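Hi everyone, thanks for coming. I'd like to walk you through a structure that may be new to you, so please have a look at it first.

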Amino acid sequence: WMLKRPSTIGDLSAVVTGLLLAMNLPATTPWWVVVIGALVAIGVAKMSFGGLGQNPFNPAITGRVFLLISFPTYMTDWTIPQGFISTDAVSGATLLGKYAEGGVEAVAGTDYLHTLFLNIGGSAGEISALALLLGFGYLLVRRVIKPWTTLSIFGTVALVSLIFWLIDPAKFTDPLFNLLTGGLILGACFMATDYVTSPMSTTGCVIYGVGIGLLVMLIRYFGAYPEGVSFAILIMNMAVPLLNNWCHQKKYGRK
């Protein structure tokens with residue numbers, strides 16, 4: 001009604017945005033905070049720029065960052081699950097939160113097999129790395145997305161963390177820790193690969209992914225926030241028009 005266009009609710013793009021936003025929120029988030037995040041994601045980040053296909057920033061990440069800045073208490077109230085199907089839970093910091101507060105000693109002895117499957121504190125999108133990777137594999141098989149952005153992010157995070165870890169293992173975490181913790185897998189697989197807000201060319205996707213991975217590690221190691229995936233993706237969203245100008249995709253039928 002506001003844009004004087006036919007309704008686009010039937011394309012289910014808003015459902016995808018809502019699902020991704022939910023995957024970025026703690027399970028204890030009050031309903032009214034979720035509603036505000038949804039309004040920002042759809043009303044501000046998407047509709048104010050003209051609707052589907054015209055938004056420069058990922059809507060779900062925009063909503064999440066807005067909530068993180070506006071309601072930091074609710075957005076950092078993590079719940080650690082107790083058991084596979086039990087609803088009992090206790091409050092606690094995420095692994096990245098523990099590292100930010102206590103350094104490497106606070107996360108020493110982390111069971112990486114545990115983080116791969118289940119039972120770690122964080123948002124819904126941090127609970128099981130294996131489930132996210134299986135979903136990513138499904139999208140690749142169906143050719144819904146291409147792997148270049150995601151692989152570039154993973155490779156950059158692994159390389160940068162390896163360099164810092166080799167320099168001072170008493171201060172910096174190892175590559176496996178940085179790959180399996182936080183929202184890296186969710187962001188790299190399902191949010192950085194968004195058609196509208198990512199580059200069109202393969203070269204652009206690689207540069208885009210390298211930039212995200214580098215920013216993530218700089219924020220994790222030297223920033224004020226323990227996690228930097230959302231901020232990194234939003235920052236690189238701003239560079240996408242430049243990447244599309246610099247890295248032209250070869251037009252069909254031309255050499």
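**The largest pocket**

Let's start with some empty space: the largest pocket holds about 640 Å³. Of the 25 residues that line this pocket, Val16, Leu20, Phe190, Asp194 and Tyr195 are the closest to its centre. And do keep in mind that what you're looking at is a predicted model.

Which helix gives the most to that lining? That's α1, with six residues. Four helices each supply at least two lining residues: α1 (13–23), α3 (59–70), α7 (129–141) and α10 (184–191). If you sort the lining of the largest pocket by character, you get 17 nonpolar residues, six polar ones and two charged ones.

**Out on the surface**

Now to the outside. Here Trp31, Trp32, Val35, Leu39 and Tyr74 make up a nonpolar patch, and together they have about 560 Å² of accessible area. Helix α2, residues 31–44, gives the most to this patch, with four residues. Leu39 sits in that helix, α2. Why does Leu39 count as exposed? Because its relative accessibility is 58%, and the cut-off for exposed is over 50%.

**One salt bridge**

Last stop. How many salt bridges does the structure hold? Just one. The partners are Glu227 and Arg220, and their closest N and O atoms are 3.0 Å apart. So are these two residues buried or exposed? Glu227 is buried, with a relative accessible area of 15%, and Arg220 is buried too, at 5% relative accessibility; the cut-off for buried is under 20%.

That's my tour, thanks for listening!

Key:
Residues are numbered from 1 along each chain as its sequence is written. This is a predicted model: local features need pLDDT of at least 70, side-chain atom pairs count only at pLDDT 80 or more; totals for chains, interfaces and linings use all residues. Side-chain values use heavy atoms; hydrogens and water are left out. On a 1 Å grid over the protein atoms alone, a cavity is a set of points where a 1.4 Å probe fits but cannot get out, and a pocket is an open set with protein on both sides within 12 Å along at least five of seven lines; lining residues have an atom within 4 Å of a point. Grid points are joined across faces, edges and corners, and a volume is the space filled by probe spheres set on the points. Ala, Val, Leu, Ile, Met, Phe, Trp, Tyr, Cys and Pro count as nonpolar, Asp, Glu, Lys and Arg as charged, and the others, Gly among them, as polar. Patches are made of residues with over 30% relative accessible area and no salt bridge: like charges are joined within 9 Å, nonpolar side chains (Val, Leu, Ile, Met, Phe, Trp, Tyr) within 5 Å. Accessible areas come from the Shrake-Rupley method with a 1.4 Å probe; for residues, only the protein chains shown count as cover. A salt bridge is a side-chain nitrogen of Lys or Arg within 4 Å of a carboxyl oxygen of Asp or Glu. Buried means under 20% relative accessible area, exposed over 50%, partly exposed in between (1.4 Å probe, protein chains only).
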